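Please examine the sequence and the model below together with this report. The report concerns strand pairing, charged side chains and accessibility.

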Amino acid sequence: FVVKEHKALILAISDDNIDSIVVALRHLISNCTNGTCSIDTMTRVDTEHLFVQIRNHSMGEILDATIKCPSCEATVPVTIDLNSAIVENKDNGTKTIKLGDDFWVEMVAPTLIVGYEAAKDSSSDEMITASCIKTIIKGEDSYNTSDFTMDERIEFVDNLTYTQSSLIAEFFGSLPTFVLRHNVTCPTCSKESVIVLEGLEDFFV
């Protein structure tokens, strides 16, 4: 990406402006992939993975930063190779969950957009769940949730039992994540700690 795109995303993240982050990231991803990839359809983990690959090509794979030691609070310089980031739980992006006799839902992993839009809504958990239910199956009938409004989909989620909601929560807990773990030894107190980078904002330094 170019300097203008870098500045726009840095400013949006610094201001914690969700709408600006979405606009800047959508523009950046589209430009850098010649319009072949869109954050509106890619899963969150795929978007984060692609973004880090673009960042690596544009700014280099090595990240120099400083952290505070969690034990003695000394400032510790660290050098992190972003190529060591990995996708965990790779195969858990889609799942059909049985909620009762002849009652299933087909789930899909959330997009980055779903997460950001939900952050602006007081019913964020319900909105994310509703957005990730692709199909509702009852007996021999199946219903594509794209045929329903978001309010209708949220109402469906609100009417699930606690047990059914727990089964869906397990799906979200098993979703793929893009994460980097880096071991650090503090030169002041010699204690070891682990830096964890996870999520777009962590990688955009």
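The paragraphs that follow treat the salt bridges, then the hairpins, then a surface patch and a buried residue.

The model is predicted. It holds 3 salt bridges, which are listed in the table.

| Salt bridge | N to O distance | Location |
|---|---|---|
| R26 and D40 | 2.9 Å | helix α2 (R26) and the loop between α2 and α3 (D40) |
| R44 and E48 | 3.0 Å | helix α3 (both residues) |
| E88 and R181 | 2.6 Å | strand β3 (E88) and strand β8 (R181) |

R26 and D40 meet in a salt bridge, and this pair links parts of the chain that are 14 residues apart. R26 is partly exposed at 32% relative accessibility, and D40 is partly exposed at 37%. The salt bridge of R44 with E48 lies within one helix, the two residues being 4 residues apart, or about one turn. With a relative accessible area of 30%, R44 is partly exposed; E48 counts as buried because its relative accessibility is 5%, under the 20% limit. The salt bridge between E88 and R181 links distant parts of the chain, 93 residues apart. E88 counts as partly exposed at 25% relative accessibility.

Strand β8, which contributes R181 to that pair, also takes part in a hairpin. Strands β8 (residues 177-185) and β9 pair in the antiparallel sense over 7 bridges, and N183 has V194 of β9 as its bridge partner. The hairpin has 6 residues between its strands, and S190 takes a positive phi near 65°. In a regular strand, side chains alternate between the two faces of the sheet. Strand β9 (residues 192-198) shows such alternation: S193, I195 and L197 point to one face and are buried, whereas E192, V194, V196 and E198 point to the other and are not.

A second hairpin is formed by β6 and β7, with 2 residues between them. Strands β6 (residues 133-138) and β7 (residues 141-144) run antiparallel and are joined by 4 bridges; I136 is partnered by Y143 of β7. In the turn, G139 has a positive phi of about 65°.

On the surface, D101, D102, E140 and D141 gather in a patch of negative charge. Within this patch, D102 lies in the loop between β4 (94-100) and β5 (103-108) and is partly exposed, with a relative accessible area of 48%.

I80, by contrast, is buried at 2% relative accessibility. I80 belongs to strand β2 (residues 75-81), and the C-alpha atoms of I80 and L63 are separated by 5.0 Å, although these residues are 17 residues apart along the chain.

Definitions and conventions. Residues are numbered from 1 along each chain as its sequence is written. This is a predicted model: local features need pLDDT of at least 70, side-chain atom pairs count only at pLDDT 80 or more; totals for chains, interfaces and linings use all residues. Side-chain values use heavy atoms; hydrogens and water are left out. Patches are made of residues with over 30% relative accessible area and no salt bridge: like charges are joined within 9 Å, nonpolar side chains (Val, Leu, Ile, Met, Phe, Trp, Tyr) within 5 Å. Accessible areas come from the Shrake-Rupley method with a 1.4 Å probe; for residues, only the protein chains shown count as cover. A salt bridge is a side-chain nitrogen of Lys or Arg within 4 Å of a carboxyl oxygen of Asp or Glu. Lys and Arg count as positive and Asp and Glu as negative; His and the chain ends are not counted. The place of a charge is taken as NZ of Lys, CZ of Arg, CG of Asp or CD of Glu. Buried means under 20% relative accessible area, exposed over 50%, partly exposed in between (1.4 Å probe, protein chains only). Two strands pair if DSSP finds at least two bridges between them.
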